[in-house]
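Notebook open, coffee at hand. I want to look up the empty spaces in this one, and then the metal site.

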Amino acid sequence: MERSKTSEDFSLVQVAEGIHVWLAPNGSWGMSNAGLILDGRESMIVDTMFDLHLTRSMLDAMATVEPQLQHHVDVLINTHANGDHCHGNELVPTGRIIASEETSAEMDELPPSVLSAMVERFKEDPSSLGRYIQHAFGGFDFSNITMRLPTETFTNEMLLTVGDIEIRLYEVGPAHTRGDVIAYIPSRNVVFTGDILFNLETPIMWSGPVGNWIDACDRIASFDAITVPGHGPVTDRAGALEMRNFWVLLRDQTKERFDAGMGVLDAARDIDLGPYSGWGGTERVFLNVNSLYREFGSEQVVQDVMGLFAEMGAIWTLENDLPAN
Ligand SMILES: [Zn+2]
């Protein structure tokens, strides 16, 4: 399979003593950030990449900081079940993988082979859906991935140590997915947010409710820490508040249109994202409005994932001035 997404523009950036971020060049589909926490000879990795090539490059880069990581990592955590945060689990040399109970269950339901088959199916498809699937996933290689599931799960919160560094895991989902977790490191003033934060990218609400997402942003902002989003550049409290305000705006604008009896697609087209309209991936607003309609009790929502991608693909095609097929 051809790949256009390579590790070339990723970089390993130190954000605090013993804390590194494997930073993607942009926050678009599948271009996720990961983390490394080191103290003495103990280590933790936060999330893996969307495919094995990208994960291998990440691990090689991390091993330049601590060569021992090639053979042993004490613990890996997965912030949530989306493949761009866990498909590379099998390459991490650890016996301990931690996630929330819901994340572990959701991971088990989303085998990489489904994604692989989808990319293959739409490979030469010139429709807006086909091109959108290629745009989102075509640059990755989902072949030969064996999903390695968490060995340990928790609900609500969990305390861990890496050397003398305390890590607090908080389950804040369901929001982006069913079991989102954030990892807060008080002594280093750093928080890894998983996909609760997309910085400068339109987020995507697979699960909801939106209230959980807003509360999670408030909690992240309350740490007033160096804030590592799941996608996009490292930020701080302001990035968390911006994400919060995006959801408040989208929730309120969607509710108005829902109350007025507007259909999902019309509502998504009609909404003005104001300060957030310049973010990447604005076609995801359709999926988010659909999730909000479902939350408000609408029976007119798109239920299947391919239907969601078809609508997003149509919007993406229009926004990018591509000839529709
Ligand atoms: Zn992600």
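I started with the enclosed spaces, and the largest cavity holds about 50 Å³ of space. Worth writing down before I go on: this is a predicted model, so everything here is computed from it.

I listed what surrounds that space. The lining of the largest cavity includes Asn33, Ala34, Val46, Asp47 and Thr79. Further along the chain, Phe192, Thr193 and Gly194 also line the largest cavity, as do Val228, Pro229 and Gly230. Sorted by class, I get five nonpolar residues, five polar and one charged for this lining.

How many cavities of 30 Å³ or more does a search of the whole structure find? I get two.

So to the second largest cavity, where I noted about 40 Å³ of space. Its lining is made of Leu197, Phe198, Asn199 and Leu200, together with Gly239, Glu242, Met243 and Trp279. By class, I put down five nonpolar, two polar and one charged for the second largest cavity.

Next entry, the open space. I looked up the largest pocket and found about 780 Å³ in it. There are 39 lining residues, and those closest to the pocket's centre are Asn82, Leu110, Trp206, Val305 and Phe309. I then checked which elements give two or more residues to this lining, and they are helices H2 (101-109), H3 (112-121), H8 (284-296) and H9 (305-319). H8 gives the most, with five residues. My class tally for the pocket lining reads 22 nonpolar, ten polar and seven charged.

Last entry, the metal. Which residues coordinate the zinc ion? I have Asp84 through OD, His85 through NE2, Asp195 through OD and His231 through NE2, at 2.1 to 2.3 Å. Along the chain, the zinc donors follow the spacing D-H-x109-D-x35-H. I also checked accessibility for the adjoining pair: aspartate 84 and histidine 85 are both buried.

Then the geometry, and why the arrangement around the zinc ion counts as irregular. The four donor atoms subtend angles of 87 to 161° at the zinc ion, which makes the arrangement irregular. The cut-off I needed is that four donors count as tetrahedral if all angles lie between 85 and 135 degrees. For my own reference, the ideal angle for four tetrahedral donors at a metal is 109.5 degrees. One caution for the page: water is not among the atoms, so a site may look incomplete.

Key:
Residues numbered from 1 in each chain as written. Predicted model: local features only at pLDDT ≥ 70, side-chain atom pairs only at ≥ 80, totals over all residues. Heavy atoms only, no water. Donors = N, O, S within 2.8 Å, 3.2 Å for Na, K, Ca; no water. Tetrahedral: all angles 85-135°; square planar, octahedral: opposite > 155°, others 65-115°. Buried < 20%, exposed > 50% of the residue type's maximum accessible area, 1.4 Å probe, protein only. 1 Å grid on protein atoms, 1.4 Å probe; cavity = no way out; pocket = protein on both sides within 12 Å on 5 of 7 lines; lining within 4 Å. Points joined across faces, edges and corners; volume = space filled by probe spheres on them. Helix = DSSP H or I, 4+ residues; strand = E, 2+ residues; numbered from the N terminus. Nonpolar A, V, L, I, M, F, W, Y, C, P; charged D, E, K, R; others polar.
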